[in-house]
Amino acid sequence: MAKGMGRRPKVDLDSGVEDMTLLVLEWLGEQGVGAMIRVDAERMRDGQPAWTFAASGGPLDGGIRADGASVAECMGTALLRLREAGLAVPF
């Protein structure tokens, strides 16, 4: 997928990625990548995607951010973006 094309990546919401989130964060830390996931209650109240994943440092050339309406959507998008950036996340 080309960057900046305005297309959203397809995410498998039934993959169980939300169950692997802490393992992914731990693995990223071991690679020298600082990462976090958070929920924004205000955005949730406003009906906007409330979950945010952010990562930077280590082998990443720049920062990565992914937003989603659920943990699964957020982390699914985050994993796609990490892989596009060259990190072969093993989960």
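# A guided tour, from salt bridges to core

Three salt bridges are present in the structure, a salt bridge being a side-chain nitrogen of Lys or Arg within 4 Å of a carboxyl oxygen of Asp or Glu. What you have open is a predicted model, in which local features need pLDDT of at least 70 and side-chain atom pairs count only at pLDDT 80 or more, while totals for chains, interfaces and linings use all residues. Residues are numbered from 1 along each chain as its sequence is written, and side-chain values use heavy atoms, with hydrogens and water left out.

**Stop 1: the whole chain**

Start with a cartoon view. You should find three helices and three strands, in the order α-β-α-β-β-α from the N terminus. Helices (H or I, at least four residues) and strands (E, at least two) are DSSP runs, numbered from the N terminus.

Now switch on the surface. The accessible surface comes to about 5600 Å², and carbon and sulfur atoms hold 51% of it; the areas come from the Shrake-Rupley method with a 1.4 Å probe, and for residues only the protein chains shown count as cover. Of the 91 residues in the protein, 32% are buried. Here buried means under 20% relative accessible area, exposed over 50%, and partly exposed in between (1.4 Å probe, protein chains only).

If you like contact maps, here is one figure to keep in mind: among contacts with a separation of 6 or more, 42% are between residues 24 or more positions apart. A contact means heavy atoms within 4.5 Å.

**Stop 2: Arg43, Arg65 and Asp67**

Select these three residues as sticks. Together, Arg43, Arg65 and Asp67 are linked in a network of salt bridges. Asp67 pairs with Arg43, with 3.3 Å between the closest N and O atoms. That pair ties distant parts of the chain together, since Asp67 sits in strand β3 and Arg43 in helix α2, 24 residues apart. Asp67 also pairs with Arg65, where the closest N and O atoms are 3.0 Å apart.

Which of the three is buried, and which are partly exposed? Arg43 counts as buried at 16% relative accessibility. Asp67, at 24%, is partly exposed, and so is Arg65, at 48%.

Stay on Arg43, in helix α2 (residues 41-45). Its side chain also makes a polar contact of 3.1 Å with the side chain of Thr52. A polar contact is a pair of N or O atoms within 3.5 Å; within protein, one must be able to donate a hydrogen and the other to accept it, and residues adjacent in sequence count only if both atoms are side-chain atoms. Not counting residues up to four places away in sequence, Arg43 touches Gln48, Pro49, Ala50, Trp51, Thr52, Arg65 and Asp67.

**Stop 3: Arg38 and Asp40**

Move to another salt bridge, between the side chains of Arg38 and Asp40 (3.6 Å, N to O). Arg38 is partly exposed at 38% relative accessibility, whereas Asp40 is buried at 18%.

**Stop 4: helix α1**

Select residues 21-30, which form α1. Colour Thr21, Val24, Leu25, Trp27 and Leu28: these are buried. Looking down the axis of α1, you will see its buried residues within an arc of 165°, so they line one face of the helix; the arc is that of the directions from the helix axis to the C-beta atoms. Leu22 and Glu30 are exposed, on the face turned away from that buried side.

What covers the buried residues of α1? The cover includes β1 (34-39), β2 (51-56) and α3 (71-84). Just beyond the helix comes Gly32, which has a positive phi, near 90°.

**Stop 5: the nonpolar core**

The largest nonpolar core has 19 residues, and those touching the most other members are Leu28, Phe53, Leu60, Leu82, Leu87 and Val89. Such a core is a set of buried Ala, Val, Leu, Ile, Met, Phe, Trp, Tyr and Cys residues joined through side-chain atoms within 4.5 Å. At least two residues each come from α1, β2, β3 (64-68) and α3, with α3 giving the largest share, six residues.

Zoom in on Leu28. Leaving aside neighbours within four places in sequence, Leu28 is in contact with Val33, Ala35, Phe53, Leu82 and Leu87.

**Stop 6: Met75**

Finish in helix α3, with Met75. Buried or exposed? Met75 is buried, with a relative accessible area of 0%. Beyond neighbours within four places in sequence, Met75 is in contact with Val17, Thr21, Val24, Ile37 and Phe53. Then draw a distance from its C-alpha atom to that of Glu18: the two are 57 residues apart along the chain and separated by 6.7 Å.
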